[in-house]
Amino acid sequence: MPLRPPVSHSSSHSVFPFAAIIGQDALKQSLLLNAVNPAIGGVLIRGEKGTAKSTAVRALAAILPEIDVVAGCAYACQPDYPEAFCEDCRRQAGRMKTVKRRVRVVNLPLNATEDRVAGGIDFAWAVRKGRRALQPGLLAAAHRGILYVDEVNLLDDHIVDIVLDAAASGETIIEREGISFRHPSRFILVGTMNPEEGELRPQLLDRFGLCVETAGVESLDDRVRLMQRREAFDADPTGFLRSVADENERMARRIRTGRVNLPAVRMPRHLRSFISELCIENFVAGHRADLVMEQAALALAALNSAPEVTVDHIRQVASMVLVHRRRDAQPPPPPPLEDSQHEANDPPQDLPPDEKPPQEPQAGSDAGQPPSPGPDRTDPTPDEDSPSPDRGAQKPDRCEDRIFEIGATFKVKPLSVPKDRLFRRGSGRRSRTRVSQKQGRYVKSCMNRQNGDIALDATLRAAAPYQKVRGNGNGNGLCVKLTEADVRGKIREKRIGNFIFFAVDASGSMGARGRMAASKGAVMSLLLDAYQKRDRVAMISFRRNDAAVNLPPTTSVDLAGKLLAELPVGGRTPLSAGLTKTFEQVRNMLLKDPSARPIVILITDGKSNVALGEGKPVDEALRLATAMGRDERIQHIVVDTEEAGLVTFGLARRLAAALKARYFKIDDLKAQSLVNLVKGQHL
């Protein structure tokens, strides 16, 4: 398949020299190691803006040795390595010319489309010449160079997958729009990110061989020198480059010497055991950390002209290998709660006075009060509606409050909403939707063109049957004659974030048998997952006589975790108030963004005993749930926390039916079980 001529990447302006960068020793070391040994797998640079991240990458490329390439090859094929030739170079083997050029730094923008990254059909060429021509993408330009992704944590998932596949396999495969083509694509992957804007998926995070943290220079003298050097470079780039030429050349020689030394560097057997011990002690997942640490230690030894790796070499690279892979040890299981915690702190409204469980003795109360009966004997009869006895109402509410720790968190399974035909804007990593921009994966064609995003394959298919009738006599120089009716547009899909709303029952019954600790652990797991998927989250809790917004819509998992940890438990169950508050918050969000599709997760046992009006609490809650269920824009999940026993009421199941929600019965109230039930289903 013919290729369009490659785009020139030459630069007319000077690059700030590598040797003149002040501080950022770990960053410079990581780049030098990758330059000597690309098998390390690139580097992820985490830190705030303005800390010389992109400057260091471009400065490194400027001191790397020039490479031999096949003249005119869009993929920078290496002349003395025919096994990795592209298809064009294979066809002209023996007749090609060799030229030298600098190593390229190719930027991958956040709004890049799939055909811009991997390559695709050149529309203008196909219309003029009447045959398909492949337009090389950014991965072709990055071959044997550096692929630089700024704000890599904000990159769309499908683009990330393309980059990861190319980085792991060393080649790019294009199979779309009637094209089947592959070409070599080996590059040093360098990504930058600001952790405050969201973390990376673990799959992508682990693919970066090294990770370094950058921060602004703190020394007053260094900051002054930094300003002086930058001003000198801007005023006279040529003169400034001459002033640091010797130091820059010394670093370039180190890279060249390191590449020559690398094959001869030995790794003692006992040091491989040391590497594995470090990885085990840091609870890393998989074996990539062991392999990367070995390659980084070999590169450092080669860079320092050492004949073999030493313990000191391993220690110097260990932090860069482990910082983004280190995991905390699994916490021990929480101790079982005392039997006195199995009871609800406040009995339901309709429990007869003679069966109410006594409260824990308070100061000045009768210490000889008889023990409370078992939980099965104190289960309420929810359909009865009788007033609470005076003795329960006179007790101060605050003495009943209890705060449970957050249970263990777990990795959760995907949660998404079904696709529809609406076009949406936004970013994220959860639910697929159609988008109106030139972003996302091309999934089908349509008659309606949007933003000039033309589907070449569909357009040519539409025009093909009429070519004989239209003839070639109009003199426009086109091989294919198109009309307005032939042109088709692309429909693209991408993932965006969702709005996830948690409604948590914080009444006294949730404190029984550690239910709240398990529920908090599950909610925290879902919050962490929502943070990684770039969802907005909000949370309310309902207890005593009303509901409160604990967490307004936000993306801050730190704030959510803090508020969740401080969430008190105790009092009665105002389920109607919780449903009303939930609907108000979700409705307000839908007024601001009518195309949004929120997910409401309701965690409760359904035993309502506080009404908003004069009716029975349970009947009132079911009426409200039925009204909420009519809004098809809202997805509901009901998690039933009622324990199996001699007497069960199934109120949460009735609530789920009224909401038209998915219902899950929880028999085991551990956080893992709760997470699996909620997250193991695709809405």
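**Exercise 1.** Which helices and strands each supply at least two residues of the lining of the second largest pocket? Describe this pocket in the predicted model.

*Solution.*
- Step 1. Helices α1 (25–36), α7 (157–169) and α13 (288–303) each supply at least two lining residues, as do strands β7 (145–149) and β10 (187–193).
- Step 2. Among these elements, α13 provides the largest share of the lining, with four residues.
- Step 3. The lining comprises 38 residues, and those nearest the centre of the pocket are P38, A39, R186, F187 and I188.
- Step 4. By residue class, the lining consists of 22 nonpolar, ten polar and six charged residues.
- Step 5. The space in this second largest pocket is about 950 Å³.

**Exercise 2.** Classify the aromatic pair formed by F16 and F233, and locate both residues in the chain.

*Solution.*
- Step 1. The structure contains three aromatic pairs.
- Step 2. In the pair of F16 and F233, the ring centres lie 5.2 Å apart and the planes stand at 75°; the pair is therefore edge-to-face, since an angle over 60 degrees places a pair in that class.
- Step 3. F16 belongs to the segment before α1 and F233 to helix α9, so that the pair links parts of the chain 217 residues apart.

**Exercise 3.** Determine which strands are linked by the salt bridge of R46 and E213.

*Solution.*
- Step 1. Twelve salt bridges are present in the structure.
- Step 2. In one of them, the side chains of R46 and E213 meet at 2.9 Å, N to O, which satisfies the 4 Å cut-off.
- Step 3. R46 lies in strand β1 (residues 43–47) and E213 in strand β11 (residues 210–214), with these positions 167 residues apart in numbering.

**Exercise 4.** Identify the members of the nonpolar surface patch that includes M227.

*Solution.*
- Step 1. M227 is located in helix α9 (residues 220–235).
- Step 2. Together with L220, V224 and L226, M227 forms the patch, whose combined accessible area is about 380 Å².

How values were computed:
Residues are numbered from 1 along each chain as its sequence is written. This is a predicted model: local features need pLDDT of at least 70, side-chain atom pairs count only at pLDDT 80 or more; totals for chains, interfaces and linings use all residues. Side-chain values use heavy atoms; hydrogens and water are left out. Patches are made of residues with over 30% relative accessible area and no salt bridge: like charges are joined within 9 Å, nonpolar side chains (Val, Leu, Ile, Met, Phe, Trp, Tyr) within 5 Å. Accessible areas come from the Shrake-Rupley method with a 1.4 Å probe; for residues, only the protein chains shown count as cover. On a 1 Å grid over the protein atoms alone, a cavity is a set of points where a 1.4 Å probe fits but cannot get out, and a pocket is an open set with protein on both sides within 12 Å along at least five of seven lines; lining residues have an atom within 4 Å of a point. Grid points are joined across faces, edges and corners, and a volume is the space filled by probe spheres set on the points. Ala, Val, Leu, Ile, Met, Phe, Trp, Tyr, Cys and Pro count as nonpolar, Asp, Glu, Lys and Arg as charged, and the others, Gly among them, as polar. Rings of Phe, Tyr and Trp (its six-membered ring) pair if their centres lie within 6.5 Å; planes under 30 degrees apart count as stacked, over 60 as edge-to-face and the rest as tilted.
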